[in-house]
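Here are my notes on the model, point by point. Please read them with the structure open.

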Amino acid sequence: MIKRGVPVELVVRLVVPGEVAATCDKLRAKGKRAWVVGGCVRDALLGRPVADWDVATDALPEEMLAIFPRAIPTGIKHGTVTVLMGDASIEVTTLRGEGAYSDGRRPDSVHFVDDITADLARRDFTINAIAYDPVSAELIDPHGGQKDLALRVIRAVGNPLERFAEDGLRVLRAARFAATLEMEIAKDTLAAIRPTLDTYRKVSQERVRDEWLKSMKARRPSRAFEVMRDAGILEITCPELLLGVGMEQNKYHAYDVWRHGMECMDACHSDPILRIAALLHDVGKPASRARSDKTQDYTFYDHDRIGAEIADPICARLRFSNDERARIVGLVRHHLFHYEADWSDATVRRWMRRVGKDSIPDLYVLNEADVRAKGVDATADLASLEALKAHVEKVLLAGTALTTRDLAIDGNDLMKQLALSPGPILGRILAHLLDVVTTDPAQNEREQLLARAREFVSEGS
């Protein structure tokens with residue numbers, strides 16, 4: 001059922017996967033209607049890759065379970081079943097209206113309807129409130145989503161204050177879409193964010209983290225974070241970042257700390273976790289900034305260590321996994337390095353040990369983004385980075401020992417040959433031997449290491 005007066009257009013047929021079209025065909029054959037809806041229609045109209053195809057139908061959940069023998073009641077309370085069609089899993093949801101959102105995230109109740117326009121009216125933005133019938137090639141667009149796609153505008157469906165007060169995550173989705181779709185937020189929609197931030201405060205940290213990570217897939221994720229800053233979202237989520245706004249740096253930087261972080265994140269073309277590290281890499285600068293009487297310029301000594309101490313609780317607060325948190329904090333801690341031509345092989349080995357071999361590729365990407373984001377000539381810094389890469393490769397080809405696991409002996413050898421018992425002493429000996437081998441790789445021979453271990457023990461170290 002489509003309400004009279006609602007825009008219904010025949011369009012060039014969108015390319016819908018065969019399993020999705022077959023699902024809609026089967027519902028039509030049983031006297032039901034079905035549409036693909038939401039983000040998949042938006043992305044198809046934009047010519048973007050579609051990750052997931054969502055189907056809405058006027059069939060009730062129990063009817064869908066009867067129509068599709070291979071259906072799973074994954075969210076039947078809210079009208080959603082997962083239809084297994086061929087090798088595909090397709091979420092099919094009954095058209096619905098929603099009650100109040102007392103928790104600021106999910107409706108207290110839903111009620112099923114048979115009107116596609118009523119279902120579209122509950123959605124967040126006009127560009128996500130478009131439905132397409134793959135059987136008849138009808139496009140249902142009651143809120144002008146196609147026009148907003150053409151204008152590249154993100155506009156709330158209906159009253160933006162009501163939309164954002166219903167679901168606090170929507171303000172963050174607006175910021176994310178501004179970046180990933182490279183669109184502007186309509187003035188009235190943007191203005192409605194700050195008055196509804198009390199609802200945003202109810203959103204779980206896990207959901208906030210997920211939106212951050214989705215934003216990092218944009219060509220320029222800084223667009224999302226500029227919206228978050230201007231609209232007051234970051235005041236709630238990560239006020240530590242705001243301390244860099246307007247904070248002047250020194251002659252080596254053209255931008256303040258905030259913009260430098262944005263430029264670094266944008267230039268760090270890699271995975272989302274690495275971009276989070278880029279976002280946070282200079283979070284320690286506000287706490288470390290000092291004025292040098294000698295140079296009459298600002299210094300930021302130890303900002304890498306301070307930044308790591310600040311980044312760690314931020315990552316914990318946003319519920320990053322332990323591995324993700326360790327990776328981000330480690331990159332913030334070690335992002336600051338500058339290779340010099342007089343670095344010896346031993347110096348390079350010590351640097352590799354300090355940062356960790358597995359972190360080196362990430363640090364290369366982060367360092368290049370960092371120097372490009374200064375806004376000044378980066379030729380010398382980029383040449384230094386390339387020289388470091390070559391030196392590291394040379395050291396790796398030589399078979400350098402970078403951890404105690406790379407030594408020619410282990411704890412069992414020490415216990416057997418030196419008559420030692422298990423305990424912390426073994427770790428101290430192995431750490432000492434790794435220091436020896438870092439300085440002189442030729443020492444990584446079994447007998448030589450045992451001799452050095454005996455000396456270490458006899459000296460009472």
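1. Start with the core. The largest nonpolar core has 101 residues. Within this core, W212, F225, L280 and W351 have the most contacts. Helix α7, residues 169-180, gives the most to this core: eight residues. Apart from this core lies another, of 16 residues. Among the members of that other core are A401, L407, L450 and F456. Bear in mind throughout that this is a predicted model.

2. Now look around W212. Which residues does W212 contact, leaving aside its neighbours within four places in sequence? They are F225, M228, L234, T237, C238, L241, I276, L279 and L318. F225 is thus on this list, and F225 is also among the core residues with the most contacts.

3. Two of those partners, F225 and M228, belong to the buried set of helix α11 (residues 222-231). The buried set there consists of S222, A224, F225, V227, M228 and A231. Just after α11 comes G232, with a positive phi of about 90°.

4. Next, the α14 and α15 pair. Two packed helices are described by the angle between their axes and the distance between the axes. Helix α14 spans residues 257-267 and helix α15 spans residues 272-280. They pack at an angle of about 160°, with axes 8 Å apart. An angle over 145 degrees counts as roughly antiparallel, so α14 and α15 are roughly antiparallel to each other. Their crossing is right-handed. From α14, the residues in contact are G261, M262, C264, M265 and D266. From α15, they are R275, A278 and L279. By class, this contact of α14 with α15 has five nonpolar, one polar and two charged residues. Note that L279 also touches W212.

5. Compare the α18 and α20 pair. Helix α18 covers residues 322-334, and helix α20 covers residues 360-372. The axes come within 10 Å and cross at roughly 55°. The two helices are therefore oblique to each other. This crossing, too, is right-handed. R327, L331 and H334 of α18 make the contact with D362, L363 and L366 of α20. By class, the contact of α18 with α20 has three nonpolar, one polar and two charged residues.

6. Stay on α18 for R325, which sits in that helix. Is R325 buried or exposed? Its relative accessibility is 26%, so R325 counts as partly exposed. R325 touches D312, C315, A316 and F320, not counting residues up to four places away in sequence. R325 and A311 are 14 residues apart in sequence and 8.7 Å apart in space, C-alpha to C-alpha.

7. Check the backbone at two sites. Most residues other than glycine have a negative phi. E182 has a positive phi, near 55°, and is not a glycine. E182 lies in the loop between α7 and β12 (184-185). With 31% relative accessibility, E182 counts as partly exposed. A419 also has a positive phi, of about 55°, although it is not a glycine. A419 is found in the loop between α22 (411-418) and α23 (424-439). At 69% relative accessibility, A419 counts as exposed.

8. One more loop residue deserves a look. Q443 is in the loop between α23 and α24 (446-458). Q443 has a relative accessible area of 16%. The limit for buried is under 20%, so Q443 is buried. Not counting residues up to four places away in sequence, Q443 touches V436, V437, Q448, L449 and R452.

9. Finally, turn to W35. W35 is placed in strand β2, residues 34-37. W35 is buried, with a relative accessible area of 0%. Where is W35 relative to L241? The two are 206 residues apart in sequence and 43 Å apart in space, C-alpha to C-alpha. L241 is one of the contacts of W212. Leaving aside neighbours within four places in sequence, W35 is in contact with D54, V55, A56, D58, L95, I116, A131, Y132, D133 and I140.

Technical notes:
Residues numbered from 1 in each chain as written. Predicted model: local features only at pLDDT ≥ 70, side-chain atom pairs only at ≥ 80, totals over all residues. Heavy atoms only, no water. Axes fitted to C-alpha atoms, helices over the stretch in contact; angles between N-to-C directions. Helix = DSSP H or I, 4+ residues; strand = E, 2+ residues; numbered from the N terminus. Parallel < 35°, antiparallel > 145°, perpendicular 65-115°, else oblique. Left-handed = near helix turned anticlockwise from the far one by under 90°. Contact = heavy atoms within 4.5 Å. Nonpolar A, V, L, I, M, F, W, Y, C, P; charged D, E, K, R; others polar. Core = buried A, V, L, I, M, F, W, Y, C linked by side-chain atoms within 4.5 Å. Buried < 20%, exposed > 50% of the residue type's maximum accessible area, 1.4 Å probe, protein only.
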